[in-house]
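Here is a short tour of one protein chain for anyone meeting it for the first time. Keep the 3D view open and follow along.

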Amino acid sequence: SYQLLLLSIPQEFSFVLQVTLIPTHDSEVMREWYQETHEKQQDLNIMVLASSSTVVMQDESFPACKIEL
């Protein structure tokens, strides 16, 4: 699963990788995962935002969403 891949990133990289996750839906499972892995997320510069987040770009704001093609 993606969460296992993301949280297993080697820490030996010579660069700092910052990742922002915006879940598609809020759920009890997501909240549990967030609580259980919060310390690891901080160690790896992973920021998890609420599924109701707003994206702001070039003086424009809009709801974050998932786009599938």
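## The second largest pocket

Let's start with the second largest pocket of this predicted model. Its lining is made up of Pro23, His25, Asp26, Met30, Arg31, Tyr34, Gln35, Val48, Leu49, Ala50 and Ser51. Sorted by class, that lining comes to 6 nonpolar, 3 polar and 2 charged residues. The volume of the second largest pocket is about 150 Å³.

Which element gives the most to this lining? That would be helix 2, which supplies 4 residues. Another lining residue, Ser51, sits in the loop between strand 2 and strand 3. Ser51 has a relative accessibility of 26%, so it counts as partly exposed, given that buried means under 20% and exposed means over 50%.

## The whole chain

Now zoom out for a moment. The protein chain holds 2 helices and 4 strands, and if you walk along from the N terminus you meet them in the order α-β-α-β-β-β. How much of the chain is buried? Of its 69 residues, 17% are.

## Helix 2

Helix 2 takes in residues 28–43, which makes 16 residues. From its first C-alpha to its last it reaches 23 Å, close to the 22 Å expected at 1.5 Å a residue. Still, helix 2 has a bend of about 65 degrees, and you'll find it at Thr37.

Thr37 is also one of the buried residues of helix 2, and the others are Met30, Trp33 and Gln41. Met30 turns up twice in this story: it is buried in helix 2, and it is among the residues that line the second largest pocket.

## Just after helix 2

Past the end of helix 2 comes Asn45, with a positive phi. What is notable about that phi? It is near 60 degrees, a positive value in a residue other than glycine. As a rule, most residues other than glycine have a negative phi.

Asn45 belongs to the loop that links helix 2 to strand 2, and that strand covers 46–48. Is Asn45 buried, partly exposed or exposed? It is partly exposed, because its relative accessible area is 37%, and that value lies between the 20% and 50% cut-offs.

## The hairpin of strands 3 and 4

Next, look at strand 3 and strand 4, which run antiparallel and are joined by 4 bridges. Two facing pairs help you get your bearings here. Val56 stands opposite Ser61 of strand 4, and Thr54 faces Pro63, also in strand 4.

The hairpin has 2 residues between its strands, and in it Gln58 takes a positive phi near 45 degrees. Then there is Asp59, in the loop between strand 3 (54–57) and strand 4 (60–63). Asp59 has a positive phi too, about 60 degrees, although it is not a glycine. Buried or exposed? With 87% relative accessibility, Asp59 counts as exposed, because the cut-off for exposed is over 50%.

## Far along the chain, together in space

Some residues that are well separated in numbering can be compared by the distance between their C-alpha atoms. Take Ser51 and Asp26: they are 25 residues apart along the chain, and their C-alpha atoms are separated by 5.9 Å. Both of them are in the lining of the second largest pocket. Ser51 also makes a pair with Leu21, 30 residues away along the chain, with 9.1 Å between the two C-alpha atoms. Leu21 is found in strand 1, residues 19–21, and its 26% relative accessibility makes it partly exposed.

One more pair is worth finding in the view. Leu17 and Leu44 are 27 residues apart along the chain, and the separation of their C-alpha atoms is 7.7 Å. Leu17 lies in the loop between helix 1 (2–7) and strand 1. Its relative accessibility is 39%, so Leu17 counts as partly exposed.

Methods:
Residues are numbered from 1 along each chain as its sequence is written. This is a predicted model: local features need pLDDT of at least 70, side-chain atom pairs count only at pLDDT 80 or more; totals for chains, interfaces and linings use all residues. Side-chain values use heavy atoms; hydrogens and water are left out. The expected span of a helix is 1.5 Å times one less than its number of residues. The bend at a residue is the angle between axes fitted to the seven residues ending there and the seven starting there. Buried means under 20% relative accessible area, exposed over 50%, partly exposed in between (1.4 Å probe, protein chains only). On a 1 Å grid over the protein atoms alone, a cavity is a set of points where a 1.4 Å probe fits but cannot get out, and a pocket is an open set with protein on both sides within 12 Å along at least five of seven lines; lining residues have an atom within 4 Å of a point. Grid points are joined across faces, edges and corners, and a volume is the space filled by probe spheres set on the points. Ala, Val, Leu, Ile, Met, Phe, Trp, Tyr, Cys and Pro count as nonpolar, Asp, Glu, Lys and Arg as charged, and the others, Gly among them, as polar. Two strands pair if DSSP finds at least two bridges between them.
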